[in-house]
Amino acid sequence: MTTTEGPATATRPRTDRTRNHVRAAGALYLVTFAASIPALLLIAPVLDHSDYITGDGADTRVLWGCLLDMVSALACVGTAVAVFPAVKRHSEALALGFVTSRLVEAGIILVGVVSLLSVVTLRQDLSGATGATGADTAALATTGQALVAVRDWTFLLGPGFMSGVNALLFGTLLYRSGLVPRFIPAMGLVGAPLLLASGIATFFGHHDQLSAWSFLATLPVAAWELAVGTWMLVKGFRPPAVTTEQA
């Protein structure tokens with residue numbers, strides 16, 4: 001008497017133990033949006049007024065903006081760290097590169113935060129000090145403008161250049177692995193070169209960081225990050241299939 005076995009190629013879904021990591025990464029993607037946009041509005045006074053450091057100022061407002069930028073930087077790192085266990089099996093090199101690029105982006109953002117906090121400190125400690133001369137006030141204003149210029153460059157190099165690098169690394173990984181519908185990483189892979197090209201043009205003075213060209217070049221990568229964050233939070237990654245022989 002003989003027995004026959006079922007086909008060896010039968011598959012069934014594998015339980016994905018990293019699902020919570022993926023959802024956490026998705027939530028942190030959305031946190032970066034929720035923190036960075038109001039932060040830009042809150043720090044506007046110190047960016048838009050060259051005499052902020054010698055005037056009355058809106059320090060509380062600026063401090064809240066700086067705090068939100070810090071939250072955005074930490075969430076930026078968290079997205080890559082949280083998702084790393086779920087994607088390293090597909091390409092450890094791309095996954096590690098994504099973590100590294102996110103760390104670099106967060107570090108650059110924090111440099112900008114420190115520069116604005118320095119403006120606030122100098123305004124509170126030195127502006128209107130007894131015995132200050134016109135030369136002292138002029139020197140203080142120049143220092144404030146220099147610190148704001150540092151922040152402007154960090155805004156270009158961090159959320160500008162590095163966001164494009166992030167999209168290339170993570171978008172490539174997700175497109176190759178098929179963990180999410182491919183139209184989502186395709187947005188990032190199309191938008192990244194546009195963002196990088198716009199950043200290079202801004203770097204060489206072709207147009208301003210907040211120009212219409214820069215805004216249009218940012219939209220595809222912003223849409224990609226919003227889409228991938230929402231998808232990971234709500235849907236997670238598609239679970240890999242495994243043969244019955246592997247089970």
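**Entry 1: Arg-102 and Glu-105**

I looked up the burial of this pair in the predicted model: Arg-102 is buried, and Glu-105 is buried as well. I then checked the side chains and found that Arg-102 and Glu-105 form a salt bridge, at 3.2 Å from N to O. I asked myself why Arg-102 and Glu-105 are separated by about one helical turn. The reason is that they are three residues apart in helix α4.

**Entry 2: the other salt bridge**

How many salt bridges does the structure hold? I count two. Besides the pair above, I noted Asp-59 and Arg-123, whose side chains meet with an N to O distance of 2.6 Å. This pair links distant parts of the chain, for Asp-59 belongs to helix α3 and Arg-123 to helix α4, with their positions 64 residues apart. I also looked at whether Asp-59 and Arg-123 are buried or exposed. Both are buried. I add the general remark that side chains of opposite charge can pair when their charged atoms come close.

**Entry 3: Val-119**

I stayed with helix α4, where Val-119 has its place. Its relative accessible area is 1%, so I enter Val-119 as buried. Which residues is Val-119 in contact with, leaving aside neighbours within four places in sequence? I listed Val-46, Tyr-52, Ile-53, Gly-144, Leu-147 and Val-148. I also took the C-alpha separation between Val-119 and Val-62, which is 10.0 Å for residues 57 apart along the chain.

**Entry 4: nonpolar cores**

I turned to the largest nonpolar core and found 27 residues in it. Phe-170, Leu-174, Trp-224, Met-232 and Phe-237 have the most contacts inside this core. The elements giving it two or more residues are α1 (19-42), α3 (59-87), α4 (92-126), α5 (134-177), α6 (183-203) and α7 (212-234). I note that α3 gives the most, with six residues.

I followed Leu-174 further. Not counting residues up to four places away in sequence, Leu-174 touches Leu-179, Val-180, Pro-185, Trp-224, Val-228 and Phe-237. A second core, separate from the largest, has 17 residues, and I recorded Tyr-52, Val-62, Ala-73 and Val-113 as included in it. In soluble globular proteins, nonpolar side chains tend to be buried together.

**Entry 5: the largest pocket**

I looked up the largest pocket and noted a volume of about 960 Å³. It is lined by 35 residues, of which Ser-36, Leu-40, Phe-155, Pro-159 and Thr-218 are the closest to its centre. The elements that give two or more residues to this lining are α1, α3, α4, α5, α6 and α7. Which element supplies the largest share of the lining? I found that α5 does, with eight residues. By class I recorded 16 nonpolar, 14 polar and five charged residues in the lining of the largest pocket.

**Entry 6: the second largest pocket**

For the second largest pocket I noted about 330 Å³ of space. Its lining has 16 residues, and those nearest its centre are Leu-47, Arg-151, Asp-152, Gln-209 and Leu-210. Here the elements that give two or more residues are α1, α2 (44-48) and α5. The largest share of this lining comes from α5, which gives seven residues. I divided the lining of the second largest pocket by class into ten nonpolar, two polar and four charged residues.

Methods: Residues are numbered from 1 along each chain as its sequence is written. This is a predicted model: local features need pLDDT of at least 70, side-chain atom pairs count only at pLDDT 80 or more; totals for chains, interfaces and linings use all residues. Side-chain values use heavy atoms; hydrogens and water are left out. A nonpolar core is a set of buried Ala, Val, Leu, Ile, Met, Phe, Trp, Tyr and Cys residues joined through side-chain atoms within 4.5 Å. Buried means under 20% relative accessible area, exposed over 50%, partly exposed in between (1.4 Å probe, protein chains only). Helices (H or I, at least four residues) and strands (E, at least two) are DSSP runs, numbered from the N terminus. Contact means heavy atoms within 4.5 Å. On a 1 Å grid over the protein atoms alone, a cavity is a set of points where a 1.4 Å probe fits but cannot get out, and a pocket is an open set with protein on both sides within 12 Å along at least five of seven lines; lining residues have an atom within 4 Å of a point. Grid points are joined across faces, edges and corners, and a volume is the space filled by probe spheres set on the points. Ala, Val, Leu, Ile, Met, Phe, Trp, Tyr, Cys and Pro count as nonpolar, Asp, Glu, Lys and Arg as charged, and the others, Gly among them, as polar. A salt bridge is a side-chain nitrogen of Lys or Arg within 4 Å of a carboxyl oxygen of Asp or Glu.
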